[in-house]
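These are my notebook entries on one protein chain. I record what I looked up and what I found.

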Amino acid sequence: MCDYIKSRQHKHKMAENEEKETCNLPEEIWFHTIAYLTSIQDILNLGCTCRRLNEITNQNAIWRRRFKGDNSHLLHLVPQTSAFDRVIASNGESENFDVEAGVWKKLYLKASHALSFRNRHFNGVSSVAGERLCAEFVANPSAARNVRLNGVRFDDRAPGKQSVEIWVKLNKKKPDGVIIGCQSESVSSSRWPKFHWQILHVGPDGCIRGSLEPYKFMKGPCINDGQWHHIVLTASSDWQCMYVDGRVVCSINFGIGHELHRYYMKHSQIGNGVISYGACTPWGEDAMPRGYCGWYPYHGLVREVRIWSCQLSGAAVRQNMHLQRIDLVQQTSNELCALIGYWPMNRLMSGLWPWQGSLVSCTSHLEEHKQNSVHLRIVCTSLT
């Protein structure tokens, strides 16, 4: 018995010594090792091993490099001291801002929030309410009361040039659905929307489709791979194009303002829309379940939505692809190209913006289910 106890104690001491030796490895080795960790959870778990690894995994260099683009403008969201201001003023282009350890970690974790449409049926919520769950573009609350306009328009009063940017991650078990839909009736109405159009949607084949003009569409590649994808639709009056992850995947010589039915498309939303199959629609059987007609809800994630009053160039699309909180970047808008709608879907909010508050009935995958059920009840109430 004594030998068994001594053996256990010996193994325990060996394990402690190995842990100490591991924790005492040079920082360069740990930085190199962490660079190969793709999962955030692996880095967080590593930081729980010992105090030294906790300090190493909080280093700004580790988290800043996980942003694929230069997002130095995010530093304006953290509390700024006079010393910090001097660093920004004198070292604006430097890769090594003298900021408190852990700042870039906080910014990265906060920037990872997204809308989730996965929980459409739980806690006794009716199937109708779950089917209609969405995030509507509604009237701007700061606008004059006598003006009842959508915060973002896709009808006949939409800009002659327009671009839509969005980051999506499909639900691999249920990839299809309308990501951004537009129709003649509100999602909370019991009336059938006679006129409807799918600005962006995914069919059962996992391929992305979209158009900024009704009854036309462009088809992109299958994006049902469990990864985030940057999707852009950009159009003028005679041409439109689709980008996926910065690459042109389709274009058509049919732009904004040709279809008379745009006049009726007064209501639009994220995460839902109506689709129908027939002689007057452009869809084949691969764009929706066979013979389907009705609301076609999306079950995946949406991380960020930007809407511009211009036709973005390929260079601008590729530049924007890796930028977070683009509303903080200087010269994001001018008379020719304005950011007319922006929803970051995260907790980096630093104050009220003209377009905030226009997003309703939405959920976040990092919120508690109790909060999600409140949002779902809002939809349910609007349908009764």
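In which strand does I208 lie? I looked it up in the model, which is predicted, and found I208 in strand β6, residues 207–210.

**Entry 1: the surroundings of I208.** I next asked whether I208 is buried or exposed. Its relative accessibility is 0%, and I208 therefore counts as buried, the cut-off being under 20%. I then listed its contacts, leaving aside neighbours within four places in sequence. Among them are I179, L200, V202, M218, I223, I231, M242 and V244. The list also includes H201, K219, G220 and P221. I also looked up one distance: the C-alpha atoms of I208 and G177 are separated by 9.9 Å, and these two residues are 31 apart along the chain.

**Entry 2: a hairpin.** V244, one of the contacts of I208, led me to strand β9. Strand β9 (residues 240–244) and strand β10 (residues 247–252) run antiparallel and are joined by 5 bridges. Which residue of β10 is the bridge partner of V244? The partner is R247. The hairpin of β9 and β10 has 2 residues between the strands, and D245 takes a positive phi near 55 degrees there.

**Entry 3: cysteines.** How many disulfides does the structure hold? I found 0. I noted for myself that a disulfide is a covalent bond between the sulfur atoms of two cysteines. I then checked C222, which is in no disulfide. The nearest cysteine sulfur is that of C207, 5.3 Å away, whereas a disulfide needs the two sulfur atoms within 2.5 Å. C222 has a relative accessible area of 45% and is partly exposed. C48, at 67% relative accessibility, counts as exposed.

**Entry 4: the largest pocket.** I looked up its volume, which is about 900 Å³. How many residues line the largest pocket? There are 24, and R66, K68, Y108, W228 and R303 lie nearest its centre. The elements that give two or more residues to this lining are β3 (162–169), β8 (229–235) and β14 (301–308). I sorted the lining residues by type and obtained 8 nonpolar, 10 polar and 6 charged.

**Entry 5: the whole chain.** Finally, I recorded the totals. The chain has 10 helices and 16 strands. Of its 384 residues, 48% count as buried. Among contacts with a separation of 6 or more, 67% are between residues 24 or more positions apart.

Conventions. Residues are numbered from 1 along each chain as its sequence is written. This is a predicted model: local features need pLDDT of at least 70, side-chain atom pairs count only at pLDDT 80 or more; totals for chains, interfaces and linings use all residues. Side-chain values use heavy atoms; hydrogens and water are left out. On a 1 Å grid over the protein atoms alone, a cavity is a set of points where a 1.4 Å probe fits but cannot get out, and a pocket is an open set with protein on both sides within 12 Å along at least five of seven lines; lining residues have an atom within 4 Å of a point. Grid points are joined across faces, edges and corners, and a volume is the space filled by probe spheres set on the points. Helices (H or I, at least four residues) and strands (E, at least two) are DSSP runs, numbered from the N terminus. Ala, Val, Leu, Ile, Met, Phe, Trp, Tyr, Cys and Pro count as nonpolar, Asp, Glu, Lys and Arg as charged, and the others, Gly among them, as polar. Buried means under 20% relative accessible area, exposed over 50%, partly exposed in between (1.4 Å probe, protein chains only). Contact means heavy atoms within 4.5 Å. Two strands pair if DSSP finds at least two bridges between them.
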